[in-house]
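Welcome! Have the sequence and the 3D view ready, and work through the exercises below at your own pace.

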Amino acid sequence: MKRPDKTVTKCGIRVAGTSKLNTHDAIMDLRSQIGATPYQHLIVLFSISHVPSVLCEAIQVAFPKIPYSGCTTAGEFGPHGMTDSGIVIIAFPVEGFSICAEVITEIDQFGVERATNTARTMRAKLLERAAPCRATRHGVDREKQIFALLLVDGLSNFEEMLVAAINWAMGDLQLIGGSSADQLFYDRATLVQNGRTFSNAALLLLVETSHPFKLFRTQDFRPSDTKFVVTAADAERRIVRELNAEPAAIEYARAINRTSQDLDAYAFASHTLGVRIGDEHYCRSIRAANPDNSLSFFCAIDEGLVLTLAKTPDLVASTEEALRQLDVALDGLDLVIGFDCILRRLNAEQGQARHHLESTYRKHRVVGFHTYGEQFNAMHLNQTLTGIAFGGRQVAQ
């Protein structure tokens, strides 16, 4: 049976996907699916198979004068399933949504200052715009109906400081997002916004809506008794040189019964590392093993950090349960925009469970992209699924 190419929701958001390789044909295919109706904002998630500048030209032709933001991915998932050379477009309607979007450039040098100032200005602007609607006959506080969405260069090594700065400036507003990717080449991850392309940058969107939503994160992290202490590291570049005073790649490989020459993305996906903060473990996923037997990470690391080896025994079941709970909490799921770590997909593929994960996403209307990292409020995470879930009913006015 042919899979659907588009998703139409009660809240008015339309989602479409395409696997066409010619960029102009792909964008016109998406336009034919969702129509030329004026939209508030488009989010465009695309494979590195599509040249960003050509993509921008095609969007301008197909959706003139409609603002958009987007990024390259390590894979996309939408109504047509999972792809790694396609495009997914998420179109927000004019009615029921109000969106501000800005770019934060040169994040490795001026990221904290620029992120803080940008977030404060955007928050004040959106709250001022929403102020006349805040008090309703049902006493609904519209300020609570605003969330932040962040797309950031996944090769910048600056997500932690950027997310912390934005979260601090936002006050009580929640933040969700993902790190752009380039299909595991680790060469160049690109962001696009309104005809311009960026690297070493971030795109910040503030979304005000009258529809019920819930931000979430989920992971399946089962810690073992195996511990590592980071005894030598280059924290700025996220490189661990030694674990337990041994070459990092050799020590890690020994713990998972492999040789350092056998380490690859699938090994890192199925044997993750985590750090304990309070009562919870947070993944610190490995990106690559280097020729000098050091390990590059997706997340911040430093000397003295204690890492715990873990496995993810049933990723599909834990994801299904998390989405089921969201469905109950929101009286039905209308749409979920998800940011899913590429290592979760690789883990599912290695366990021959990709089809089951894909089915779970279609069942619960999850769309989005595979990332080099996920954002959730003040945290930059790895090997998680984070997202924004919209409920099936509308807030009373």
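A salt bridge is a side-chain nitrogen of Lys or Arg within 4 Å of a carboxyl oxygen of Asp or Glu. Keep in mind that you are looking at a predicted model.

**Exercise 1. Check whether Arg354 and Glu349 fit this definition, and find how exposed each one is.**

Step 1: Look at the distance. The closest N and O atoms of Arg354 and Glu349 are 2.7 Å apart. The cut-off is within 4 Å, so the pair counts as a salt bridge.

Step 2: Turn to accessibility. Partly exposed lies between under 20% (buried) and over 50% (exposed). Arg354 has a relative accessible area of 23%, so Arg354 is partly exposed. Glu349, with 22%, is partly exposed as well.

Step 3: Look for a network. Glu159, Glu160 and Arg238 are joined into one by salt bridges that share partners.

**Exercise 2. Describe the salt bridges of Glu106 with Arg114 and of Arg237 with Asp234.**

Step 1: Between Glu106 and Arg114, the closest N and O atoms lie 3.0 Å apart. Glu106 is partly exposed at 34% relative accessibility, and Arg114 is partly exposed at 29%.

Step 2: For Arg237 and Asp234, the N to O distance is 3.5 Å. Arg237 is partly exposed, with 49% relative accessibility.

Step 3: Now step back to the whole structure, where a search finds 15 salt bridges.

**Exercise 3. Work out which strands stand at the edges of the seven-stranded open sheet.**

Step 1: Write down the strand order, S1-S2-S7-S3-S4-S11-S12, and note that the pairing is mixed.

Step 2: Read off the ends. S1 (6-8) and S12 (196-198) each have a single partner strand, so one side of each is left without a neighbour in the sheet. On average, neighbouring strands are turned by 15° against each other, direction ignored.

Step 3: Zoom in on one pair. S3 (residues 39-46) and S7 (residues 87-93) are antiparallel, with seven bridges. Ile43 has Ile90 in S7 as its bridge partner.

Step 4: Add the helix. H1 (residues 23-34) packs on the sheet and touches S1, S2 (14-18), S3 and S7. The direction of H1 makes about 145° with that of S2.

**Exercise 4. Decide how H7 (residues 315-329) is oriented against H9 (residues 354-363).**

Step 1: The two helices pack at an angle of about 10°, with their axes 10 Å apart.

Step 2: Angles under 35 degrees count as roughly parallel, so H7 is roughly parallel to H9.

Step 3: Find the contact. Among the residues that meet are Leu315 and Leu323 in H7, and Leu357 and Tyr361 in H9. By class, the contact has five nonpolar, three polar and two charged residues.

Conventions: Residues numbered from 1 in each chain as written. Predicted model: local features only at pLDDT ≥ 70, side-chain atom pairs only at ≥ 80, totals over all residues. Heavy atoms only, no water. Pairing = 2+ DSSP bridges. Helix = DSSP H or I, 4+ residues; strand = E, 2+ residues; numbered from the N terminus. Axes fitted to C-alpha atoms, helices over the stretch in contact; angles between N-to-C directions. Contact = heavy atoms within 4.5 Å. Parallel < 35°, antiparallel > 145°, perpendicular 65-115°, else oblique. Nonpolar A, V, L, I, M, F, W, Y, C, P; charged D, E, K, R; others polar. Buried < 20%, exposed > 50% of the residue type's maximum accessible area, 1.4 Å probe, protein only.
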